[in-house]
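Biologist: Could you take me through the interior of this one, and the side-chain pairings around it? I'd like a close look at that part, in one go.

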Amino acid sequence: MGRPDDASTRLRDALATADIVAAEDTRRTKALASSLGVQISGRVVSYYDQVEAVRAPKLVDEIEAGATVLLVTDAGMPSVSDPGYRVVVACADAGLRITCLPGPSAVTTALALSAMPSERFAFDGFAPRKSGARHAWLATLRADQRTVVFFESPHRLAQTLGDAAHVLGADRRAAVCRELTKTYEEVRRGGLGELAEWAADGVKGEITVVVAGAAAVDESATIDDLVARARALVDGGARLKNACADVSAGTGFSKRDVYEAVVAARE
């Protein structure tokens, strides 16, 4: 949550009345309560990634004993790339009541602001940190026609966008959404290559990236059709490799398939 005035009445009441407030960052949660004019009456305990496994069973014990526990995380939805999954699973397994107080979501907010199709989309959490794993993950998106939303660190954003441009194509549409719902909210839209160049100068804040899905495959195109189209582009002055890449996009053939077929036809 970026702006305190986005807080619902239910959230204000929950902060004021919960027996235990489990906070990813106790200082931020207390600051949130203060900005809302709420006095937390319950006990505030820390609940972040490194202590989640140990704290979850204890919170379940408290709930079974009759306590109301409110889980609060920073700038995100609990259990969605934030702490919370373990305690939710433990409560569900124990048959305890769980509810969610709806609020701003970076995933759906970014999707709405991206100006990309939202009928079908995938959320992939945080992009892999290591280059090899990141390239492998991006390769799975080549033919995926769904819009993809993911989080990224501002320090790795330029590298990830550069890798995405290499694997998915510099012209694949994308949007970088920064500091959503906060004072310095910013949305940049463009091709992956263009956005990678922009991010190279440095970006700050919480980052959510939206990438357009792959174009629908034209199953009617034959290799002979694509060879003819590529030859026409070459006759018009295009380089053969570029022509093969252009005509193969959105088909079941790779640019290498078309290139080899053009060369074979010449022979």
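Modeller: Let's fix one term before we start: buried means under 20% relative accessible area, exposed means over 50%, and partly exposed is what lies in between. Keep in mind that this is a predicted model.

By that cut-off Arg178 is buried, since its relative accessible area is 16%. Its side chain meets that of Glu186 in a salt bridge, at 3.0 Å from N to O. Glu186 comes out as partly exposed, with a relative accessible area of 24%. So this bridge joins a buried arginine to a partly exposed glutamate. The pair has company, too: Arg178, Glu186 and Arg188 are linked in a network of salt bridges.

Now the core itself. The largest nonpolar core has 23 residues, and the members touching the most others are Leu157, Leu161, Leu168 and Leu192. Several elements give two or more residues to this core: helices H6 (131-139), H7 (157-168) and H8 (192-199), along with strands E5 (147-152), E6 (173-178) and E8 (207-211). Helix H7 gives the most, with 6 residues. Pick out Leu161 and you can see how the parts meet: setting aside neighbours within four places in sequence, Leu161 is in contact with Val176, Leu192, Leu195, Ala196, Ala199 and Val209. Another core lies apart from this one, with 12 residues, including Ala7, Leu11, Leu15 and Val72.

Next, the rings. There are 3 aromatic pairs in the structure. Take Phe126 and Phe151: their ring centres sit 5.4 Å apart with the planes at 65°, so this pair is edge-to-face. The two residues come from distant parts of the chain, Phe126 in strand E4 (residues 121-126) and Phe151 in strand E5, 25 residues apart. Phe126 is partly exposed at 47% relative accessibility, whereas Phe151 is buried at 11%. Trp137 and Phe150 also make an edge-to-face pair, with 5.0 Å from centre to centre and 85° between the planes. Here the link runs between helix H6, which holds Trp137, and strand E5, which holds Phe150, with their positions 13 residues apart in the numbering. Both partners are buried: Trp137 has a relative accessible area of 11%, and Phe150 has one of 2%. Going back to Phe126 and Phe151, ring pairs link these two and Phe123 into a cluster.

Back to the charges. The count comes to 9 salt bridges. One of them joins the side chains of Asp144 and Arg146, at 2.9 Å from N to O. Asp144 is buried, with 16% relative accessible area, while Arg146 is partly exposed at 30%. Another joins Glu260 and Arg256, whose closest N and O atoms are 3.1 Å apart. Those two are 4 residues apart in helix H11 (residues 255-266), so about one helical turn separates them. Glu260 counts as partly exposed at 42% relative accessibility, and Arg256 is exposed at 61%. Set that beside the bridge we started from, where Arg178 is buried, and you have an arginine on either side of the cut-offs: buried in one bridge, exposed in the other.

Terms used: Residues are numbered from 1 along each chain as its sequence is written. This is a predicted model: local features need pLDDT of at least 70, side-chain atom pairs count only at pLDDT 80 or more; totals for chains, interfaces and linings use all residues. Side-chain values use heavy atoms; hydrogens and water are left out. A nonpolar core is a set of buried Ala, Val, Leu, Ile, Met, Phe, Trp, Tyr and Cys residues joined through side-chain atoms within 4.5 Å. Buried means under 20% relative accessible area, exposed over 50%, partly exposed in between (1.4 Å probe, protein chains only). Contact means heavy atoms within 4.5 Å. A salt bridge is a side-chain nitrogen of Lys or Arg within 4 Å of a carboxyl oxygen of Asp or Glu. Rings of Phe, Tyr and Trp (its six-membered ring) pair if their centres lie within 6.5 Å; planes under 30 degrees apart count as stacked, over 60 as edge-to-face and the rest as tilted.
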